[in-house]
Structures are given as structure tokens and as C-alpha cells.
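Let's take a look at two spots in this model, one built from helices and one from strands. Keep the 3D view open as you read.

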Amino acid sequence: MKALVAVKRVIDYNVKVRVKPDQSGVDLANVKMAMNPFCEIAVEEAVRLKEKGVVSEIVAVTIGPKAAQEQLRTALALGADRAVLIETDDEVQPLAVAKLLKGVVDEEQPQLVMLGKQSIDGDNNQTGQMLAALSGFSQGTFASEVVVAEDYVKVTREIDGGLQTVKLTLPAVITTDLRLNEPRYTSLPNIMKAKKKPLDTKTPSDFGIDLTPRVKTLKVEPPPERQAGIKVGSVDELVEKLKNEAKVI
Amino acid sequence: MQTLVFVEHDNQALKGATLNTVAAAQAIGGDIDLLVAGHSCAAVAEAAAKVVGIRKVLVADAAPYAHHLAENLCALVAELGAQYDNILVPATTTGKNFLPRVAALLDLQPISDVVEVVSPDTFKRPIYAGNAIATVQSLDAKKLLTVRATGFDPIAADGAAAEIETVNVVHDANISSFEGEALAESDRPELTAARVVISGGRGMQNGENFALLEKVADKLGAAMGASRAAVDAGFVPNDMQVGQTGKIVAPELYIAVGISGAIQHLAGMKDSKVIVAINKDEEAPIFQVADYGLVADLFEAIPALEAKL
């Protein structure tokens, strides 16, 4: 079966985020960019399913600027077979992303669509669910285990109180949580091979999707700073302060 | 203006995050109705009817809603939501799972993890793992929000008697089914609802040493948490993880033991009222957010603390 994996170019997770002084957003100038960590887990899972003989072809897709080709090349180096870039410099909000991905789903007809549960920039946690709705697919969000059978997939999900397992009719959308797997590193030979793999470029207008933002960002601020308190010298002093000063015990 | 609030529950009891979500709905203003969707959930509907400040409770009691499968729930909420201006759900794994699906059916862009209502169409939410706070304005006709419980004080759970209305709408997409669940069993309060939380980090060295924290937790009636480092090291199960990718907590007292204070952990607990850090490394970043810091070996400090309580 065919798997479609959607990935996103985001600020590298090791970079300390700085808010622009004019409060218009986060400073992305000359900042290291990378594939969203949850998307990397999605690619890894698809590759493992291919290694098991469950998945026959992996198509990676992203929506973003020309530079997002780098993240597609990473996906190809990790084991995807071909890639699609839907190129745009505009801000694309999750609903519009889901609509564009629905267009790719219609073209590619995958049985499995894998995405990260959220991107570490917008932290929306919406796209997979919305794509599932638009496609009429079942959904297994926050996956920590994926077992694929012929016409269904069992997904174990990380929920608030523990774990939940659901059985989903294929085709299905799966969004990955941190513990699903540990992505492999790309090897140099695979990076070289990835350069020769096919990468198609499309535009949002190819899909006739309106990208007009539905949510306007008015300002972006640093979070309120919490003032450091005091150091106490002993357990006795700590208990005394908690009882008499903070009055929390 | 009319707002529909989804009640978080397990078919037996109403979950606390619902009350914070109603508080967010009150900040928006207008009439508030609650939706209890589940199966054999009459007790939840009765509890919901007592919540202060609401107009009525809608109850959709049918087998396809038993486990809140998004594929079934989304059609129900989209149908009922048609007549509301706002649909608010707690930003729990349940809410995050189904609300975007509702939004796509209604062609709306939802707003996740709202921590403050600025005006009926403008909200604050954390982005970049809480390293920035965005103020966003919805341009959609309807506002669909997931509400982060720590941003709003819960309203009173008991003090009213609203009307309960049965909704006979059953949607079964028949493309997903519940297979089972493994929920952590504990006599302790729920992590996200506890008044006191005590968490251990990599400094605990192994899972057995968490027994030291348990003794303190017993005396304080506290919930137990952990840092991602402790979870990744296999000391404790992942449902104990406090942080950006785990649970977001804001108790009255948070005690961080052997936790260095990585940004991912701080994002999950920095809204706590009083933070105590116990760590032998006086340079640990956790001390920069702690109200009371104790530089000490936790293996001496924790038994001493327990003896003092």
C-alpha cells in the first residue's frame, strides 16, 4: 500500500526562540531550520512499515517556501521514494494546509497518511484531524504504536490518563507522538541517493485552494517572566516558609 | 451570543477541565450550554446540570459516542454546533482529537490552547512551546476553541439546577472502533487537577527512588509528576510527564526534585502558584523560576522534608 507523509520546515528545536522587538512574530532571520521533530517520527514510521513489507511506496509532501525542498530531501534520504513540494511564501494556516493535502490525497490515493501530531512552531495540533475529516478517513492521533493489517490499522494513542487502542478502517490518517519510534540518522550514501529521487513542485493554485488566513496574529510577545525567588538554607526553613509565608501547606 | 461547551468525562464523572472551559466561555459572554456526549452517561448529565452559570445541558447518549471516537463525535458536534456562535472544548487529548475534525466539517479555522480571552473574537495562546504568546483574532463567523485549563480559574461545580435536554442524534461513521485502554490506576489526585504536585527528574537516578517522593506526596495529598528526562530514562510511565509534550499543570504548590529545569519542563509548570526546587546543582535553571530553592542532595532533603510534614 502507498503511504503519504506530510512534513514541515520549522525552526530547529535546539534554537532559542526570540520574539521580534516589533511584536510581529518570532525572529526567523538566519536561524537554523529543520524538519519538525514529530514529522521526522512520521517519516521513520513509514520507512519502518516499508522495511516490513507493509508499505510499498512512500510519498513525502510539504507546503512552504522553495527552501522547504531541504526537508523533502531529508525525507528522501530517510527512505521516502519521491516528494512533492507545494511551493508558497504565504502563511498557510492549518485548515488551508489540510485542504492542500486533501488535494494530494485525491491524486495519490494513499491508504495511510502519516503526519506529526503538531509542529513545534504553531503548536496547533490540527492538520491531521482536519485532513481526516475532509477526506472522510479514520484518524489515529498521538500514536505510540501502529500495527497495520490488510484493511485496518490498530493505533495505540497517548491519551491523558494513559493509553487507548483504536481499530481504524483504511484509509486512515495517523499523527505521531514522541514515543512512536526514534528516527534514524541520515547516512551520507542515502543523502547522495536522495538527490536523484524525484521531487515535483506544485503551487496552491494547482489545487484551487483559497489560502486567505482565517486567523489574524495581532501581536507576539515573550511570555511573562517569572521572578526567581530566594534560596533557603535548610529543609526546616523551607517548611517554615511554605507554612507561614506562602501558606500553601 | 450562544456558546456550546463540551463536557469532558468518562461516562461516570465530569472532569475538572470542563469547569475551566466554562470559565473561558463566561469570559466571552452570552448564554452557555453544555454538551454531554457519551454512553450510559446520565450521572455526568446530572453533574453537568449543577454547574453554575449555564443555561441547559444537552445529552447525546448513544453507543457510538461511548469512547469519544472523533469520527462519530465530530458529526454530532458539527450538527449541534450549527446554531451556536462559539464551540469550546477543554484542550485535553479528547478535545484536541475531535475539535479540528468538527472545524474542517464546518470550514472553520479553530484556535488551540487558548489561555486568555481578550475579547469575544481575540484570544491569547502560547506558541513555540510557550516561548512566545500570540494574540490572535479569529475572522471566522464561529469561534472554535480548545481551552487550556491552567489559563482559567474553574467555576463552581455545584450550585445550580439547569434543564437537561435529550438529543436524539446518532452518528456512527463506522470506520473506527475502540479496542481497549490502559489507564494508570492511582489513589492520588489527577495530575492536572491536583492542588500540590511533586515531580522527580533525572536526579532521582531510578524508578525505585520515586518511592521517596511518594511518601511526601502521601502527606501532602499531592499528585506525582516527572520530567521528560525521567520518563525517557524509563524511571516512570509517560503519563506522569509534566512539560510541553506532556501534561500542563498549574497547582498551588509545585515541588521539583532533581529536575534541572529544561525549557520543555518549565513550559508545563511555570504557571504554578508557588514553585519549590530541590537540586544539588545550584546552577540548575529550575532555580530561576523557583520561589524557594534548596540546594541539597535530594536523598537527604526528601526524607527530612517528609519527617517535617
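Is the crossing of helix 3 of chain B and helix 4 of chain B left-handed or right-handed? Turn the model until one helix sits in front of the other: the crossing is right-handed. Bear in mind that this is a predicted model.

Here's the rest of that helix pair. Helix 3 of chain B covers residues 70-81, helix 4 of chain B covers residues 93-105, and their axes are 8 Å apart at an angle of about 55 degrees. That angle is why helix 3 of chain B counts as oblique to helix 4 of chain B. Where they touch, helix 3 of chain B brings A70(B), L73(B), C74(B), V77(B), A78(B) and G81(B), while helix 4 of chain B offers N97(B), F98(B), R101(B), V102(B) and L105(B). Sorted by class, this contact has eight nonpolar residues, two polar ones and one charged one.

Now for the strands. Strand 14 of chain B (residues 253-257) is mostly covered, with five of its five residues buried. Both of its faces are covered: L253(B), I255(B) and V257(B) are buried on one side, and Y254(B) and A256(B) on the other.

Strand 14 of chain B also has partners, as the table shows.

| Partner of strand 14 of chain B | Direction | Bridges | One bridge pair |
|---|---|---|---|
| Strand 12 of chain B (residues 196-200) | parallel | five | V196(B) with L253(B) |
| Strand 15 of chain B (residues 274-279) | parallel | five | Y254(B) with I275(B) |

Conventions
Residues numbered from 1 in each chain as written. Chains lettered and ligands numbered in written order. Predicted model: local features only at pLDDT ≥ 70, side-chain atom pairs only at ≥ 80, totals over all residues. Axes fitted to C-alpha atoms, helices over the stretch in contact; angles between N-to-C directions. Helix = DSSP H or I, 4+ residues; strand = E, 2+ residues; numbered from the N terminus. Parallel < 35°, antiparallel > 145°, perpendicular 65-115°, else oblique. Left-handed = near helix turned anticlockwise from the far one by under 90°. Contact = placed C-beta atoms within 7 Å. Nonpolar A, V, L, I, M, F, W, Y, C, P; charged D, E, K, R; others polar. Buried ≥ 20, exposed ≤ 12 C-beta atoms within 10 Å, placed from the backbone. Pairing = 2+ DSSP bridges.
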